Amino acid sequence: MRAYWRGALAVYRKDLLLEARSKEAVSTVAVFSLLVVFIFSFAFDPSPRTLALVGPGIIWVSYTFGGILGLNRAFSHEKDKGTLEGLVLAPLSKDAIYMGKFMGTLTLMLIVELLMLPVFLFFFDLNVLSFWFLVIALLAATGFAAVGTLFSAIAVNTRSREVMLPLLFLPMALPVVIAAVAGTEDALAGRGWAALGQWVQLLIAYDFIFIVLSSLTFEFVLEE
Amino acid sequence: MASAQQVRQRSFTGVAGLGLLVIVAILLLVDLALIFLWAPTELVLGEVQRIFYLHVPSALVGFMAFAVVAVGSVGYFWKRTAKWDRLAHSAVEVGVMFFTVALISGAIWAKPVWGTWWTWDPQLTTTFVLWVVYLVYLMVRAYVPSKDQAARYSAVIGIMGFPLVLLVYRAAELWAGIHPGTVVGPGAESDALDKDISLVFTFSLATFTLLFVYLLWQRVLVHKAEETVEELRASIK
């Protein structure tokens, strides 16, 4: 167990260091998410009344598509530089690699989500600083990262990998999007646990199930 | 070279397959007669309700197929034999076909009853997405370079998809929508159906299940034949 966490943390630290030096992923994903939001402001008339209706949708579309962009990078780097073999050959269990990569992806997603909060607050006047919205954002990002990390490892080995990841990821992540949008609607309207409890429960169950399943199946993806 | 025993076994599967095909064909005809001639006309919905005997069994058999996919996928990682991979792959193909029937028959039923072909009801939406998941399963198989990778990746998807199958199965109960909840099958309320309707439905479900078994079996045989051809081709080169 200690070896497992030491391995996972080593992979995590490596990914964080890489990102801290290049800042590639965070900057590109954040700008991309911003552009998604701008496109929405043209697609819908951004008056306060429409915003109350489409606000949660805008938030989660931008987080989801930004998330895909970030996920694409989780393994494409390793594949292109040929470091994936090094990672597989390292004296780590495969699920420790998964856990490290998962934590790296999750951190990246959370940073982008945080960077986007002021955008929603200033441009759309959405009450995104509510406690329950932040809980939902954290749980949903965990779900995205859990399935996304696994599928990213599959997608890099397929032809046309940039397309393959969204095709794999989006349908599988749909329960998260449904729960996140519905829960956000309640949270932004100032409703509490009684209204959004079911969505939070669904997100927790999803995260738990898919972190376990992904850890278990990850070794079958990596073996060559 | 095929031994005498293999030849005998092959001719046996051929005869058994043909026999099952005849049985399924007869049952489907009887099923049609029961649905359109014998089953009582539903009081509220009228004649259009008869699509129920097609719609619900194909959806249930689709769920059954995806459960078989999960079993085949776990079996593949456990035993690492092509047999399990063939089972999962074939079950996806047949399951997607049954889900397509369920979605289309549902749309035909929805038009007169709900006044629209499609609505973004939780049950409909999630069913549609599950259909896409298994479509992507087939795409991944087509887009990877090697057979071994196709088997491994698709087995991972087959396992990851299973929690979604359970979720979609109960979607109408979890999120109250316009689509009615489960009236038959595991987790359904008892006595939700009239006796005659329930009788015809049970017959229909049994027929569809047998059709599923037949199609699954034939797909497995086809995949096996394909692999044999590939092996032979490779041995000639």
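# A walk through the helices of chains A and B

Start by selecting B:Ser90, which sits in helix H3 of chain B. What you have open is a predicted model, so treat every value below as computed from it. Colour B:Ser90 by accessibility: its relative accessibility is 0%, so the residue counts as buried. Now show what surrounds B:Ser90. Apart from neighbours within four places in sequence, its contacts are B:Leu216, B:Arg219, B:Val220 and B:His223.

**Stop two: H3 against H7 in chain B**

Those partners lead on to a helix pair. Select residues 82-114 of chain B for H3 and residues 195-236 of chain B for H7; their axes come within 9 Å and cross at roughly 130 degrees. That angle makes H3(B) oblique to H7(B). Turn the view until one helix lies over the other, and you have a right-handed crossing.

Want to see who is touching whom? On the H3(B) side, pick B:Ala82, B:Arg86, B:Leu87, B:His89, B:Ser90, B:Ala91, B:Glu93, B:Val94, B:Met97 and B:Phe98. On the H7(B) side, pick B:Phe208, B:Leu211, B:Phe212, B:Leu215, B:Leu216, B:Arg219, B:Val220, B:His223, B:Lys224 and B:Glu227. Colour the contact of H3(B) with H7(B) by residue type and you get twelve nonpolar, three polar and five charged residues.

**Stop three: just ahead of H3 in chain B**

Slide back along the chain to B:Arg80, in the loop between helix H2 (52-79) and H3 of chain B. Check the backbone here: phi of B:Arg80 is near 55 degrees, a positive value in a residue that isn't glycine. B:Arg80 has 33% relative accessibility, so it counts as partly exposed.

**Stop four: all of chain B**

Zoom out and show chain B as a cartoon. It has seven helices and zero strands, giving the pattern α-α-α-α-α-α-α along the sequence. Along the principal axes, the C-alpha atoms of chain B fill a box of roughly 65 × 35 × 30 Å. Of its 237 residues, 43% count as buried. Take the contacts in chain B between residues at least 6 apart in sequence: 76% of them join residues at least 24 apart.

**Stop five: A:Leu168, with chain B in view**

Keep chain B on screen and select A:Leu168, in helix H7 (residues 161-188) of chain A. Is A:Leu168 buried or exposed? At 4% relative accessibility, it counts as buried. Leaving out neighbours within four places in sequence, A:Leu168 is in contact with A:Phe151 and A:Ile154 from chain A, and with B:Val136, B:Val140 and B:Ile157 from chain B. For a distance check, try A:Ala155: its C-alpha is 8.1 Å from that of A:Leu168, and the two are 13 residues apart along the chain.

**Stop six: the largest nonpolar core**

A:Phe151 turns up again here. The largest nonpolar core has 133 residues, and A:Trp60, A:Phe120 and A:Phe151 have the most contacts inside it. Helix H6 of chain A (residues 131-155) gives the most to this core, with 15 residues.

Centre on A:Trp60 next. What does A:Trp60 contact, once neighbours within four places in sequence are set aside? Its contacts are A:Glu113, A:Phe133, A:Ile136, A:Ala137, A:Ala140, A:Phe144, A:Ala180, A:Val181 and A:Thr184.

**Stop seven: H1 against H5 in chain A**

Time for another helix pair. Select residues 2-22 of chain A for H1 and residues 94-124 of chain A for H5; the axes come within 7 Å and cross at roughly 40 degrees. H1(A) and H5(A) are therefore oblique to each other, and their crossing is right-handed. Residues making the contact include A:Tyr4, A:Trp5, A:Gly7 and A:Ala8 of H1(A), along with A:Asp95, A:Ala96, A:Ile97 and A:Met99 of H5(A). By type, the contact of H1(A) with H5(A) divides into eleven nonpolar, four polar and four charged residues.

Pause on A:Asp95 in helix H5 of chain A. With 30% relative accessibility, A:Asp95 counts as partly exposed. It touches A:Tyr4 and A:Ser215, not counting residues up to four places away in sequence. Draw a line between the C-alpha atoms of A:Asp95 and A:Ser215: they are 120 residues apart along the chain but separated by 5.2 Å.

**Last stop: A:Lys23**

Finish in the loop between H1 and helix H2 (24-43) of chain A, where you'll find A:Lys23. A:Lys23 is not a glycine, yet its phi is positive, at about 50 degrees. A:Lys23 is exposed, with a relative accessible area of 51%.

Conventions:
Residues are numbered from 1 along each chain as its sequence is written. Chains are lettered from A and ligands numbered from 1 in the order in which they are written. This is a predicted model: local features need pLDDT of at least 70, side-chain atom pairs count only at pLDDT 80 or more; totals for chains, interfaces and linings use all residues. Side-chain values use heavy atoms; hydrogens and water are left out. Axes are lines fitted to C-alpha atoms, for helices over the stretch in contact, and angles run from 0 to 180 degrees between N-to-C directions. Helices (H or I, at least four residues) and strands (E, at least two) are DSSP runs, numbered from the N terminus. Angles under 35 degrees count as roughly parallel, over 145 as roughly antiparallel, 65 to 115 as roughly perpendicular and the rest as oblique. A crossing is left-handed if the near helix is turned anticlockwise from the far one by less than a right angle, and right-handed if clockwise. Contact means heavy atoms within 4.5 Å. Ala, Val, Leu, Ile, Met, Phe, Trp, Tyr, Cys and Pro count as nonpolar, Asp, Glu, Lys and Arg as charged, and the others, Gly among them, as polar. A nonpolar core is a set of buried Ala, Val, Leu, Ile, Met, Phe, Trp, Tyr and Cys residues joined through side-chain atoms within 4.5 Å. Buried means under 20% relative accessible area, exposed over 50%, partly exposed in between (1.4 Å probe, protein chains only).
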